[in-house]
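User: Can you walk me through a sheet and a helix pair in this one? I'd like plain answers.
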Amino acid sequence: MRMSFFQLVKSRLGSFGLLLVCAFLLLTTASAQQNSPQDTVITGKVISSKDGAPLAGVSVTDSRNPAKGVVTDANGLYQIRVNKGVKALQFSHVGYVSSEVAISGKTLVNVTLTAADAALDEVVVVGYGTQKKINQTGSTETVRFDDAVNEPVTNTGQLMYGKFSGVQITQSSGLPGADASSIIIRGVGTFGSTNPLVVIDNIQYDGLEAFNNLAPSDIESISVLKDASASSIYGARGANGVIVVTTKKGKKGSMKVIYNAYTGLQSVTVVPKYLDAVNYAKLKNEHDINANGANAPLRYTDADIQAIADGSNPDQYANTNWAKEILRTAPVQNHFLSFSGGNDKTTYRVSLGYLNQQAVVRGKFKNERFNLSLNLNSQVKDWLNISNVTNMYWSAFKGPAGGADAITGETGIINQFQRSSPTVPAYYSNGEYGIVDGSYQNVNFSFPVTNPLRTGYLGNYRSNDINMADRLGVKVDFTKSLSFETSGSINLNFGNTSNFVPTSATYDWAGNLVGQNLVNTLTKGNNLDYRLLNENILRYSKRFNRDHDLSVLLGHSLIYNKSSVNKGQVSGFPSNSIQEFDGGGVLNPNVSGSAYEVALQSFFSRVNYIFKGKYLFEFNIRRDGSSRFGASNKYGNFPSASAGWRISQERFLSHVKWISDLKIRASWGITGNDNIGNYIFEQTYNTNLDYVLGNDVVVGAVALTSLANPTITWETIKQTDVGLDASLFRNKLSITAGYFKKNSYDLLYTNFPIPSTIGVTNLAAQNAASMVNSGLEFLVNYRGKIAKFNYSIGGSVSKFADNKVTGLGEKGAETISGETIIRIGAPFGAYYGYKVLGIFQTQDEVNNAPVQFGSNKTAPGDFQYADLSGPDGKPDGKIDAYDRTVIGNPFPKWTYNFNASLDYKGFDLNLTFQGVQRIDRLLNDNGQLPMEGDRNNVLAYWIDRWTVDNPSTKLPRLGGPKNSIVSDFYIQDASYLRLKNVELGYSLPASVTKRIGIDLLRFYVGGQNMLTFTKMKNFDPERQRGGATDQLTPLYKIITFGLNVKF
Amino acid sequence: MKKLIVLFCVINCVGCSKEYLNKDSLTQIGQTTFWKTEQDALLGINGIYEALQDRVLYSGNLNGNAGLPMYDNFGDNCYNSYKFEGPGNFMIANIDPSGALFSAFWTSCYKGITRANTAIENINNIPAANISDSKKQQLLGQAYFLRALFYMNLAVYFKDVPLILNVQTLDEAYVPKNSYQEVSDQIISDLKAAADVLPDAYPAEQYGYATKGAALGLLARFYLYNKDYQNALDATTAIMSLGYSLNPSYAQLFTEQGEKSKEIIFAVRFVQDASNNGETFSATYTGIPKVDEQPMPNLVKDYYCTDGLPITQSPLYSAANEKANRDPRLTSTIYFKSDTFLIDTKTVFKGNTATKYGLKKYIRNSASSSGVGVGSPGGQDFIVLRYADVLLMRAEALVELNQLTDAYALIDMVRARVNMPNVEDVEGNGLSQDQLRAIVRHERRVELACEGLRFFDLKRWGLVEQAFQTTIADNVPGYAPVYRGPKSETFPIPQSELDANTNLVQNPDWQ
């Protein structure tokens, strides 16, 4: 059934054929209803207690046989045929208190439904189900997304800004198709990937790609499962927290069509300011004299500098503002269309999405994304429900040769435009790209710049990422209390890339060859990753003797995942216009690839018990088995327990009217992380080696290149959580406060210095390290109304008190990688370097200070570093590697956010602010260092560097021996407060739109990253941790104009 | 509903299977299934050779830790202007035991040794049914040769190092140092064992494997280093009859066209491919030849004029045109200002190096036949040992043994290949031991310049300090070598190794 349906869907991909499928299903199921002679027909009208208006879509059922029912029409009218023995009808509707009404022989039954107190009915989505928020004992936050709201975001992760506490969301790149945010839940609890497990419509995903590539308008709710009680049901995959996403489903009633669209303009948030060419040339000379002595050969003569100043020879001595040449305003547009509806038995929803985004740098970069989703749900029989969810995306990225590497990284456009010498013109007057200036072949030969404009248009890169996920669920209700659901899911990910580097040459201003690439090369790769998931879940739920609510869930799941990558490369195509294999390329053919498979088997259970509606208990356990582990460690157990006390239900609080609901809760549990790589347990010989023999023939070679760890096992986190949920003033004000402590242990760690005399430097990862995280979270929301003015404001503050590495295992050594360290007692990956005491102003100061790196070149204008330690752990009068220390914390101490939404007479305004406080960034890349490297320009502030005439105490001299090493001088406070999203909309009055058959017509203007308050200059403060962050594509701000239509 | 229940049971039976959670690597060979056949043994032997291709060993580097082809930057032949590559900082005394070059070099040598030890242990255990005894011995011989080569590099540059001859567990790996003498004895015994079983040559498709000549040549080199002149002489005697000869063209020998020359006794093989078999020692930038390794003025001056006289004596020398009338090996080794150094783009060397000279030997002067650029990894073999070296080693041993008469002809052979006059014709034939020693050493310098042997020679001759003084006297801008005694002649044991293994003690010269 699944396969045939699946194939059907596939064959109709991208067309309205899906709609036909739905219609067909509707018809067939609708005709399945039957009449019987003992029936009686009851009619009536349902109205709302709020305003007496008729209620459409109210479900009317036989109270003993809920599977049988009808819904009210647009006028609130219904007609139901029931068995003569039926005594009562059940009326239910979202947002209203369900009501059971006795028939008492009547055939006309009119009903007034009471509006429900929304807060009490609020439901949170948890693992394998939902829970009423008031009964929840774990720490889960759920945000629902209204139909009409269409936040103009390019990926789903951005919907999460400003809405969750304890979740650090950071967008690090503005590259189309790769502009997603990292999501860290309750601090970094592992040395490996911190991505939470993502579960979309009950399918589990590694990584955030599937989540970020959902069409934002398809999302119904996003839940963040934060504590162990909430996430341990996902066992070995829940340690980083879990994000559970549900997409929108169809609802009973006539077909609804939604069309959302926006178009926008993106531009970078910050433009860095670099020195102009004259100052660049002067400072370059000054640098060389300082570095190599007074008689050092200089790059620029006085005549050269004069030529730059007067612009008389722009081919050789230009004044190029590379930022201006490279950065641009780029368009983005998005369209979304959905159809949904259904009858009592079957509901459907289909949607299509399209996103087109270009980059804020000049070049071929562009990403397009197509989305398709299908939700079907059918109550085929009273006891049988079948559902299908399909989510698909196709993301197509285009760019110049290198793809994303052409823009980011060491040789990428961003880094190159920042470092490129302004004396090189963007283009020579003959139209060729500028590569060198007139001084490049002087005695201190310099290398050509990588003209970033050229990079943006050279060659071709294409990638396609196609992801199809489908889940078919079959649910059987044995009794009202006992049900069983089995489901089969497939997640198929196919990607291909094609990279073509053409033959090319670069020339100087006079047409002399500077560099060339004589052969063109095509590299193509494809990967296929499929994941099969079977889940079988038994649910039991019953209330005993009014006071005991018990629900039990028992589950079993199997996952099989196989991934393979194939890659081929060949050079020497006869023409740069042929960019496919079989097109004549004959040189240097090469193939490569990789493959792995993973199998998991799990058993899990959850028991909820509520006594008297106020004492809440929950137990979870999951037993996971994984092929990633050796025979001795195949299975692991992940239990959790939690309890809550709804104090507001106690008699002593019942008279306190302003407390609507008050609950305290606590949880403890264990979760695991199995994201540890494959086959670590198995000792193997590396077959991927080769040597050359005979007539330059490559022959295979085999050697042992790493040592296995047969006892490898899961990373584990023990988490304790206490919290308070309060709902006050008739649920207008809701408050959640919590404290958590996460102890991570058995963390994988690889830095165990072993004697390299053993011949292998790669010791497999060991379960050795440990770390702790703790924090406080506070979330508040207020909903209010003044006359016709509705508003809600909310905010959250999270304090991350303590991210600290607590152990590295026996013989585990500190890992120092460039600018960071993994050290016991310090935050994970803390910035590590020297402390600057000040700047030497006189030779006497130099002579009297500890010897700086044994260098006799230290001079006035250089940093004086602090002598903190030595080989014996004491200051030793020498500055050397022993004097490095932790100089910065890459994690924020505080994150906070607030949002407000107001609506008045058709106007609506939504604002989301995000803030990060007390976070350090290391900025020691191009432009920030005192003119390091051959052709590197510096940021404009370096004009105030130390010189004899300008004895600065803030900036060192250029060309000093050790002024560029990692030190606290390069650490900046990257705190910021940012208006992440703002949206102002206007909906035409319903009275107007109804006339043309439209339910909603709304126009809006929106903005992302429109305002930023920060001390940081030249670069955006919102960046991932680590060094070289300014090599990433800059973040953009977007202004969008959009439209929402619903009918 | 019954059907559904049946379906459910069927699905779950998949999970009942115990095998379901057992998944082995799809791309690597399990430990227990290897070393069973002759083919396995060949693959394992190739694995040892593969270690020779490490950048820090024989494939060199540009912008990274210097490899052995760059070891003339230690001493007076060349200036390592990218000082961070190792030799540059070593020469200016700006390096300590944590220097990256030391640990990378050490690690790569022991990587090769472990692969050799693994092969020796396992090849011996391959059932006789799967491999003939002669084949087994031949493969073992190669493993012995390669193990000796790695140990020789360690012993020459680090002196006392751990001597490991078997496959270790991690617990066994915390070893102390052995004495230089112990390591030296093992190198000699391995090379003798190799020389006994290795063939004179291989079938064409196995060209590149170590031969009897390679083992004997390395043995001679090591005896010479140990000043065991008689044994060095005897080892070269055995090589003389193996059919080696000098390549007619000196310049061609250091190009891909020279890779099959009869002069080559052992070379590390490279090919320009998309896999990892390329080298970078022959790579150059397009604006400047081999920018990180620049020939020193004193080396340029040391080449004779074509009359066999030093430039200070020869009437043929012209300071204005210093490459005219000089030993042809000079212009095969070094670029002068205005020389074309990239022939396909006619790029002219502007003299824009600190020493004013550019390195030519081994450096590519055009894109490869498949169009791969001059800065990308190339396919040039690196000659570890060649016949001219053997002739000069033999000459040196004879001189040191004071058997002067036979030495002339050997030097003359080397000179004749480049049309330089005989020793007898220039210097006469009644030379003293000291005079002839100076001549052999000079010949060795100019013949083998920039092949990574200079520092090795200087150490053997006790001339390292003098080489530092010569270098300083050249007064190259930005280059001020500092001689600091034994620290300038030996590598320290890498700091990381001392940290990881507390049983190791630093070389006394570096304590």
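Analyst: What follows covers one sheet first and then one pair of helices, and the model is a predicted one.

User: What is the strand order in the sheet of chain A?
Analyst: The order is β4-β1-β7 in chain A, an open sheet of 3 strands with mixed pairing.

User: Which strands stand at the edges?
Analyst: β4 (77-83) and β7 (111-113) of chain A do. Each has a single partner strand, so one side of each is left without a neighbour in the sheet.

User: And how many degrees does the twist average?
Analyst: From one strand to the next, the twist averages 40°.

User: Do β1 and β4 pair in the parallel or the antiparallel sense, and over how many bridges?
Analyst: Antiparallel, over 7 bridges; β1 of chain A spans residues 39-48.

User: Which residue is the bridge partner of Ile42(A) in β4(A)?
Analyst: Ile80(A) is its bridge partner there.

User: Now the helices. At what angle do the axes of α6 and α7 of chain A cross?
Analyst: Roughly 160°, with the axes coming within 8 Å. Helix α6 of chain A covers residues 277-292, and helix α7 of chain A covers 302-310. Angles over 145 degrees count as roughly antiparallel, and therefore α6(A) and α7(A) are described that way.

User: Left-handed or right-handed crossing?
Analyst: α6(A) passes α7(A) in a left-handed crossing.

User: Which residues make the contact?
Analyst: From α6(A), they are Ala277(A), Val278(A), Ala281(A), Lys282(A) and Asn285(A). From α7(A), they are Ile305(A), Ile308(A) and Ala309(A).

User: What about the classes of residues in that contact?
Analyst: Between α6(A) and α7(A), the contact has 6 nonpolar, 1 polar and 1 charged residues.

Definitions and conventions
Residues are numbered from 1 along each chain as its sequence is written. Chains are lettered from A and ligands numbered from 1 in the order in which they are written. This is a predicted model: local features need pLDDT of at least 70, side-chain atom pairs count only at pLDDT 80 or more; totals for chains, interfaces and linings use all residues. Side-chain values use heavy atoms; hydrogens and water are left out. Two strands pair if DSSP finds at least two bridges between them. Helices (H or I, at least four residues) and strands (E, at least two) are DSSP runs, numbered from the N terminus. Axes are lines fitted to C-alpha atoms, for helices over the stretch in contact, and angles run from 0 to 180 degrees between N-to-C directions. Angles under 35 degrees count as roughly parallel, over 145 as roughly antiparallel, 65 to 115 as roughly perpendicular and the rest as oblique. A crossing is left-handed if the near helix is turned anticlockwise from the far one by less than a right angle, and right-handed if clockwise. Contact means heavy atoms within 4.5 Å. Ala, Val, Leu, Ile, Met, Phe, Trp, Tyr, Cys and Pro count as nonpolar, Asp, Glu, Lys and Arg as charged, and the others, Gly among them, as polar.
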